[in-house]
Amino acid sequence: EDFEMNSGAAFVGSVAAQRPRARVAAAKAAVKVAAVAATAATTTVNAKGGAWRNADASVQRHAISPTWAALAPRFRPRVERCNGWLFAAANGADTDVGFAQQRKQEQAPQQLGFTAAESSEAPLEIVKYPHPALRRENAEVADFGSAELSALVKRMFAAMYASAGVGLAAPQVGVNKRLMVFNPKGDAKAFLQQVALANPRVVKKSGKLALGPEACLSFPGMGGDVERHVWIEVEAQRPNNGKRFKVRYSGWEAVIFQHEYDHLDGVVYIDRLSATQRAEVQPVLDGLVASYSGPGSPAL
């Protein structure tokens with residue numbers, strides 16, 4: 001079995017295509033499996049077996065060919081492996097699961113240095129202004145698909161949800177890498193809205209700007225109005241495999257992306273406040289500086 005496959009549709013297509021009489025059925029099966037996977041993805045993936053029960057119902061409802069009926073038992077373990085490992089993007093990206101990496105982790109978790117349980121036991125702390133990590137230069141992500149990067153992404157999402165945020169950049173948890181996560185819904189249950197981007201860069205942006213309220217998890221107790229481009233085109237890489245892709249964000253998603261992208265350049269949202277609003281929040285900033293007891297000198 002090929003555990004490198006990230007798509008059930010691709011898996012079914014590749015296996016069925018080995019049988020000359022099943023090639024036409026393989027194409028149909030690939031489409032049907034994609035529909036089944038989408039159905040499974042909308043279930044509670046943490047309830048073991050629940051996703052597969054929905055998939056079974058979908059198969060019966062669509063009444064697909066005998067080829068799929070024969071291959072279904074081989075696809076089932078892949079659906080079950082998705083439980084707790086599904087990473088989906090709001091930009092229509094594929095729901096890469098990383099079966100090969102998970103298989104390695106299951107076989108030798110100690111060699112990889114962490115287990116899924118351990119990664120959730122130590123919640124990440126969101127650093128507050130004027131922590132120097134917020135102003136440091138951030139290195140490009142290079143360890144795509146590693147257990148450490150996978151754990152960092154999951155822990156960043158966990159820290160974001162625990163703080164009732166909608167976005168988080170790696171520098172905000174003291175990790176100076178060009179990595180960000182966000183969910184415009186701000187709800188862990190809306191996992192299909194989750195986005196994780198490595199090494200993003202802006203390739204195009206709107207000429208039109210819009211002024212809107214913003215706040216930041218690294219600046220508690222304050223907020224302000226910031227001008228942002230109404231849409232933005234981005235090129236980035238997927239943390240789980242390094243695959244490059246392009247996507248366009250608009251509206252609320254564009255605002256979130258630009259806010260987190262600023263963090264990757266050492267820019268914080270107070271840098272974009274008007275002089276009047278900066279003066280209004282200065283007492284809060286002074287309080288944060290006065291109470292800072294973290295590592296290094298305060299970075300204002």
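**Nonpolar cores and the surroundings of Q172, G167 and helix α9**

The largest nonpolar core (a set of buried Ala, Val, Leu, Ile, Met, Phe, Trp, Tyr and Cys residues joined through side-chain atoms within 4.5 Å) comprises 17 residues, and M156, L168, L179 and V181 have the most contacts inside it. Two or more residues are given to this core by α8 (147–162) and by β2, with α8 giving the most, 8 residues; helices (H or I, at least four residues) and strands (E, at least two) are DSSP runs, numbered from the N terminus. In soluble globular proteins, nonpolar side chains tend to be buried together. The model is predicted, so that local features need pLDDT of at least 70 and side-chain atom pairs count only at pLDDT 80 or more, while totals for chains, interfaces and linings use all residues. Residues are numbered from 1 along each chain as its sequence is written, and side-chain values use heavy atoms, with hydrogens and water left out.

Leaving aside neighbours within four places in sequence, L168 is in contact (heavy atoms within 4.5 Å) with I126, M156, A159, M160, V173, M180, V181, L217 and E260. Apart from the core described above lies another, of 16 residues, among them V234, F245, Y261 and L264.

G167, which lies in strand β1, is buried, with a relative accessible area of 7%; buried denotes under 20% relative accessible area, exposed over 50%, and partly exposed in between (1.4 Å probe, protein chains only). With residues up to four places away in sequence not counted, G167 touches M160, V181, F182, L217, I256 and E260. The C-alpha atoms of G167 and G186, which are 19 residues apart along the chain, are separated by 7.9 Å.

In the loop between β1 (167–169) and β2 (179–182) lies Q172, which is buried, with a relative accessible area of 1%. The side chains of Q172 and S218 are joined by a polar contact of 3.1 Å, the term denoting a pair of N or O atoms within 3.5 Å, of which, within protein, one must be able to donate a hydrogen and the other to accept it, residues adjacent in sequence counting only if both atoms are side-chain atoms. On the same sequence exclusion of up to four places, the residues touched by Q172 include E125, I126, V127, C216, E260 and H263.

Helix α9 (residues 251–264) has 14 residues. Because 11 of the 14 residues of α9 are buried, the helix is largely enclosed by the rest of the structure; E260 and H263 are among the buried residues. After α9 comes G266, whose phi is positive, near 75°.

Methods
The expected span of a helix is 1.5 Å times one less than its number of residues.
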